[in-house]
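Me: Hi! Could you take a close look at a single part of the model below, a strand of your choice, and then work outwards from there to its surroundings? I'd be glad of the cut-offs behind each term as you go.

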Amino acid sequence: MSTPTRVIVLNGGSSSGKSGIARCLQALLLPDPWLTFGADTLVDALPAAMRASDTGIDFGPDGEVSVGEAFKALDEAWAQGVAAMAQAGARVVVDEVFLGGPASQERWRKALRGLEVLWVGVRCDAAVAAGRETARGDRATGMAESQAELVHRGVVYDLEVDTARAESVDCARIIAARVTRVLS
């Protein structure tokens, strides 16, 4: 029997459906409680002064995301903190956006070293993600389209799902089947 998965990392662009998948995994499909933490959780926790600043994080009018040194340091601490929770026994779903591609994945690999991790690519057609972005109304226009493919370049996954072709719950079922197969 394999080691049980402790962490599921969902990587996809803005409005790709990661949060919906995470909610479905928590509510319906995974045994035991799983905590969900995402890039938005970190951004929401930042002091207001770090939003729209050179040292923090800035969202450009075209959807471009720029991060400064202070944000990078906090992001590193964030990954280490999430990993510490998993090391202490929590099961965690990470809802992430790998703007740095393989470098972003490597940062998480280092933080999660020693844990069984399921790496999941959450793909979504850029036009579909852009439509969701418009419907949400809480994202900079253009973010979804610019990130749709960028976040996947050079990233290696155990599993990929496509929310433009399947509902979040169906994608979550595919992921849960992989996790529960290891548990049985």
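Reply: Happy to, and let me begin with a term: two strands pair if DSSP finds at least two bridges between them. Strands (E, at least two residues) and helices (H or I, at least four) are DSSP runs, numbered from the N terminus. This is a predicted model, in which local features need pLDDT of at least 70 and side-chain atom pairs count only at pLDDT 80 or more, while totals for chains, interfaces and linings use all residues. Residues are numbered from 1 along each chain as its sequence is written, and side-chain values use heavy atoms, with hydrogens and water left out.

My choice is strand 1, residues 7–11. Its 5 residues are all buried, so the strand is largely enclosed by the rest of the structure. Here, buried means under 20% relative accessible area, exposed means over 50%, and partly exposed lies in between, using a 1.4 Å probe and protein chains only. The side chains split between two directions: V7, V9 and N11 point one way, I8 and L10 the other, and all are buried.

What flanks the strand? Strand 5 (residues 91–96) runs parallel to strand 1 and is joined to it by 5 bridges, with N11 standing opposite E96. Strand 6 (residues 117–123) is also parallel to strand 1 and joined by 5 bridges; there, V7 stands opposite V117. In general, strands of a sheet pair through backbone hydrogen bonds, either parallel or antiparallel.

Stepping back, strand 1 belongs to an open sheet of 5 strands in the order 2-5-1-6-7, with parallel pairing. Strand 2 (34–38) and strand 7 (159–162) are its edges, each pairing on one side only. The twist from one strand to the next averages 20 degrees. At the strand 2 edge, strand 2 pairs with strand 5 in the parallel sense over 5 bridges, and T36 has V93 of strand 5 as its bridge partner.

Now for the helices. Helix 3 (69–87) lies across strand 1, strand 2 and strand 5, running at about 175 degrees to strand 2. For such angles, axes are lines fitted to C-alpha atoms, for helices over the stretch in contact, and the angles between N-to-C directions run from 0 to 180 degrees. Contact itself means heavy atoms within 4.5 Å.

Helix 4 (residues 102–111) has S104, Q105, R107, W108 and A111 buried. Seen down the helix axis, these buried residues fall within an arc of 155 degrees, so they line one face of helix 4; the arc is that of the directions from the helix axis to the C-beta atoms. Helix 3, strand 5 and strand 6 are among the elements covering that buried set.

Back at strand 1, the loop that leads from it to helix 1 (18–29) holds S15. S15 counts as buried because its relative accessibility is 5%. Leaving aside residues up to four places away in sequence, S15 touches A129, R132, E133, R136, R139 and A144.

At the other edge, D162 is found in strand 7. With 24% relative accessibility, D162 counts as partly exposed. Its contacts, not counting residues up to four places away in sequence, are R123, C124, D125 and C171. The D162 side chain also reaches the backbone nitrogen of A164 at 2.8 Å. That is a polar contact: a pair of N or O atoms within 3.5 Å, where, within protein, one must be able to donate a hydrogen and the other to accept it, and residues adjacent in sequence count only if both atoms are side-chain atoms.

C171 brings us to the cysteines. The structure holds 0 disulfides, a disulfide being a pair of cysteine sulfur atoms within 2.5 Å. For C171, the closest cysteine sulfur is that of C24, 9.0 Å away and therefore too far for a bond. C171 is buried at 1% relative accessibility, and C24 is buried too, at 15%.

One last stop is L46, in the loop between helix 2 (39–45) and strand 3 (57–59). L46 is buried, with a relative accessible area of 6%. Beyond residues up to four places away in sequence, L46 touches R51, I57, F71 and L74. From L46 to G56 is 10 residues in sequence and 8.5 Å in space, C-alpha to C-alpha.
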